[in-house]
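Q: I'm new to this one and would like a close look at a single part. Could you walk me through it?

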Amino acid sequence: MLYTHHGIGYCFSGGYHEYFNNTDDDAILYLMLANDLAHTLNPNAITIAEEVSGMPGLCRPIEEGGFGFDYRLNMSVPDQWIKLLKEV
């Protein structure tokens with residue numbers, strides 16, 4: 001959702017240029033608004049981003065230019081566990 005290429009066939013190595021090219025600005029704005037609404041309606045709400053690229057600012061407050069998520073679930077870790085369990 002964050003990228004126009006949806007991460008398909010794309011390898012992120014950690015360079016900043018990889019994160020801020022090909023981003024879906026409408027999707028990012030939607031996520032920021034959704035997080036702001038969730039935390040406005042319920043200050044105790046917890047939002048978790050399911051994400052593998054390591055997008056900088058994902059868990060920073062919106063006031064600081066972030067997306068406003070509280071936590072990030074790196075989906076590549078569970079995927080590796082599943083792969084390991086299937087192959088062993």
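Q: Which residues form the nonpolar patch on the surface, and where is the place of Val88?

A: Keep in mind that this is a predicted model. The patch you're asking about is made of Val77, Trp81, Leu84, Leu85 and Val88, and together they offer about 580 Å² of accessible area. For the setting, the accessible surface of the whole protein comes to about 6,300 Å², with 59% of that belonging to carbon and sulfur atoms.

Now, where does Val88 sit? You'll find Val88 in the segment after α3, a helix that spans 76–87. Val88 counts as exposed because its relative accessibility is 80%, and the cut-off for exposed is over 50%.

To place α3 in the bigger picture, the protein has three helices and two strands, and from the N terminus on they run α-α-β-β-α.

It helps to set the patch beside the inside of the protein. In soluble globular proteins, nonpolar side chains tend to be buried together. Here, the largest nonpolar core has nine residues: Leu2, Tyr3, Ile28, Leu31, Ala49, Met55, Leu58, Phe67 and Phe69. Take Ile28 from that core: leaving aside residues up to four places away in sequence, Ile28 touches Leu2, Thr23 and Phe67. Overall, buried residues make up 25% of the 88 residues. And of the contacts with a separation of 6 or more, 41% come from residues 24 or more positions apart.

Definitions and conventions:
Residues are numbered from 1 along each chain as its sequence is written. This is a predicted model: local features need pLDDT of at least 70, side-chain atom pairs count only at pLDDT 80 or more; totals for chains, interfaces and linings use all residues. Side-chain values use heavy atoms; hydrogens and water are left out. Helices (H or I, at least four residues) and strands (E, at least two) are DSSP runs, numbered from the N terminus. Buried means under 20% relative accessible area, exposed over 50%, partly exposed in between (1.4 Å probe, protein chains only). Contact means heavy atoms within 4.5 Å. Accessible areas come from the Shrake-Rupley method with a 1.4 Å probe; for residues, only the protein chains shown count as cover. Patches are made of residues with over 30% relative accessible area and no salt bridge: like charges are joined within 9 Å, nonpolar side chains (Val, Leu, Ile, Met, Phe, Trp, Tyr) within 5 Å. A salt bridge is a side-chain nitrogen of Lys or Arg within 4 Å of a carboxyl oxygen of Asp or Glu. A nonpolar core is a set of buried Ala, Val, Leu, Ile, Met, Phe, Trp, Tyr and Cys residues joined through side-chain atoms within 4.5 Å.
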